[in-house]
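This report describes the overall dimensions, the domain arrangement, one sheet and the ligand surroundings of the structure shown below.

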Amino acid sequence: MKRSINSLLMFAILAGIFTSCNNGKSNKNGDRGALSSNAAEKVYVAPGEHDEFYGFFSGGYSGNLTVYGLPSGRMFKEIPVFSQFPTNGYGYSEETKPMLNTSHGFIPWDDLHHPDISQTNGKLDGRWIFVNGNNTPRIARIDLETFETEEIMEIPNSAGNHSSSFITENTEYVVAGTRFSVPVPQEDISIKEYKGKFKGALSFLSVDQETGRMNIKFQLMMPGFDYDLSHPGRGKSHGWFFFTTYNTEEAHSLLEVNASQNDKDFIAAINWKKIEEYVNNGGGKKMPANYAHNVYDHSTHNATSTMKKEVLTVDPTKVPGAVFFLPTPKSPHGCDVSPDGEYIIGNGKLSADLTVHSFDKMINAIENEKFDGEAYGIPILNFEDILAGTVKQAGLGPLHTEFDGKGNAYTTFFISSELVKWNVETREVIDRQPNYYSVGHVMIPGGNSAEPFGKYAVSMNKITKDRYLPTGPELEHSAQLFDITGDKMELLLDFPTHGEPHYAAGIPADILAPKSKKIFKLENNKHEYATLTSDEARVERDGKEVHIYMSMIRSHFTPDNIEGIKVGDKVYFHITNHEQDFDVPHGFAMIGANNAELLIMPGQTKTLVWEPKQVGVWPFYCTDFCSALHQEMQGYIRVSPENSDIELTW
Ligand code: K7E
Ligand code: RUQ
Ligand code: CUA
């Protein structure tokens, strides 16, 4: 135990040295001088021209996903997922509030780390993008036609859904993990009873290929380690999923009995096809569990939240041949699989080397039953038997690896703050480029699929320091774009990100763009409070509830002046946008309403609630500059005392 504390200390000291070393570099402006003269040309997208790739960047603690163009680094959009978003009213409108419902109540925040785009045969297909919520464990699905969050599934029996939301090669499953093992079911026990009592649930959510809807098919109840990251097998290893673990000591305090005393932790190799078969044949045990399943429907423009009551759990020791542990040095973080599915790379974050396991060797060892003991009944394979090789002294603190489809891998090193290119077969380092500063993930469009588009790599850095004009103590994080078409990587561009970017997913624009000019047809609007013609616009009172059925078109509201509202009423504005031209939203804001505006797209209906507290004549207006008469797009509500007998008129 003592020795391990020392090694942690040494690690911290090294970290310090390397950080200050990088600051030194930046002060000399070394990299800026080294930029090749055609870097500007390579990232220049002329006005009116389009970028070659979409980049979807996780917003980390913003809870959102941001959309950038590559190579320009221009930000196009922020897609709210696990947040209330004043810009368009997501999480504020009555229709979208249910999206943020959980078993803990309304939770309008989360920590979003990893986007992953749906695949067919291991290739990006651009149907959906999945993202994880780390804190109150959730997975969301965003539709890539509307760029809207369509579904959020809460994950029960787990905590810290970090090894998520990675998908299998035909989007059969999206997975969730548990970074903090917890008692299952939750119970009031001493934290010191961690060892052997806590569980690490790995969840496999099936995805309906037509609708994209998720369903927790089963939860594999693994030993109480910390499951950090994951990646699917592909090609020959399709049917397997790999999860890195740390704290295999099951220490309840990572400081006192620090978690790094084991020389090796594990990558858990899961044969999900075997478990699927077991479950389809009636295996597994149903367990009570409370979790929310929230779905947004584009025809009713409404989200619903359903509380689920049970989940199917599987004990890994009951399915022989389905789960194995691959010893992997030094608290592996990223777990990455090569495009051909042969190599499984464990990025031991407390090490200088990279461990490359061979899938073929793993299968061989399993077939010959060559095990090196077991943990909680799960066979441990022999390290030497499965090792393809190591990338030696590649850098310090490896985190994540992506591939270019030309036989090269690109690994980020957090401590030595660099991106290192190496040959997957020979494991020789080919090139290294400094990152400014302390890089986390790297992303190559398709770089975690069977078919990477190896033209650009984007590294996402944790520290910005002097890269941009200072903006007070709080700076945005930073991404850096590299041209990776040559032997040497070439830094092209820095751009700030929104929130903390952990991972990102990129896709060629021509796979998405043709589908993206989406208009909701008014005649398809099935919202129960829609006003499909302005003749239907009206106001109805039901006790203290008032429902205003309102329509909007350039540039007026119908109705616009309403009398007969009283203090203590609950007023629902159900507003339908009658425009049917692309990109003509209207906004709606009401003075004193305790929520945001609504941004209503053509053909959509949205609802805002207002509870007037004071008598008077109160205005509302359109917040989106829609025509030369935009400033005239307004109206008034007259609010009378609670006991007044003024009639409703409009
Ligand atoms: Cu390394 Cu959450 Cu993928 Cu951040 S994680 S960097
Ligand atoms: S108004 S264009 Cu306040 Cu000039 Cu906005
Ligand atoms: Cu409608 Cu401004």
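## Overall architecture

The chain contains 8 helices and 44 strands. The coordinates belong to a predicted model. Along the principal axes, the C-alpha trace extends over about 85 × 65 × 45 Å. For 650 residues, a compact globule would be expected to have a radius of gyration near 26 Å, and the 27 Å of this chain agrees with that expectation.

## Domains

Two domains are assigned: domain 1 covers residues 2–515, and domain 2 covers residues 522–640. Their C-alpha centres are separated by 42 Å. At the boundary between them, 12 residues of domain 1 make contact with 15 residues of domain 2. On the domain 1 side, the touching residues comprise 2 nonpolar, 8 polar and 2 charged ones.

## An open antiparallel sheet

An open sheet is built from 4 strands in the order β20-β21-β22-β25, with antiparallel pairing. In this sheet β20 and β25 occupy the edges; each has a single partner strand, so one side of each remains without a neighbour in the sheet. On average, and with direction ignored, neighbouring strands are turned by 20° against each other.

The elements of this region have the following residue ranges.

| Element | Residues |
|---|---|
| Strand β20 | 332–337 |
| Strand β21 | 343–348 |
| Strand β22 | 354–358 |
| Helix α6 | 359–367 |
| Strand β25 | 387–391 |

How many bridges join β20 to β21? There are 4 bridges between these antiparallel strands. Within this pair, Val-337 is placed opposite Ile-344 of β21. Helix α6 packs on the sheet, where the helix touches β21, β22 and β25. The direction of α6 makes about 60° with that of β22.

## Surroundings of ligand 1

Which residues lie around ligand 1? The shell includes the histidines His-113, His-114, His-162, His-333, His-400, His-441 and His-502. Leu-229, Leu-399, Gly-440 and Tyr-503 are also found around the ligand. Two elements, β26 (398–403) and β30 (439–443), each give two or more residues to this shell. By class, the shell holds 3 nonpolar and 8 polar residues, and no charged residues.

The sheet and the ligand shell can also be related through sequence position. His-333, one of the residues around ligand 1, falls within the range 332–337 of edge strand β20.

Definitions and conventions: Residues are numbered from 1 along each chain as its sequence is written. Chains are lettered from A and ligands numbered from 1 in the order in which they are written. This is a predicted model: local features need pLDDT of at least 70, side-chain atom pairs count only at pLDDT 80 or more; totals for chains, interfaces and linings use all residues. A residue is near a molecule or strand if its C-beta atom, placed from the backbone, lies within 6 Å of it. Ala, Val, Leu, Ile, Met, Phe, Trp, Tyr, Cys and Pro count as nonpolar, Asp, Glu, Lys and Arg as charged, and the others, Gly among them, as polar. Domain bounds come from an automatic or database domain assignment. Two residues are in contact if their C-beta atoms, placed from the backbone, lie within 7 Å. Two strands pair if DSSP finds at least two bridges between them. Axes are lines fitted to C-alpha atoms, for helices over the stretch in contact, and angles run from 0 to 180 degrees between N-to-C directions. The radius of gyration is taken over C-alpha atoms; the globule rule is 2.2 Å times the number of residues to the power 0.38.
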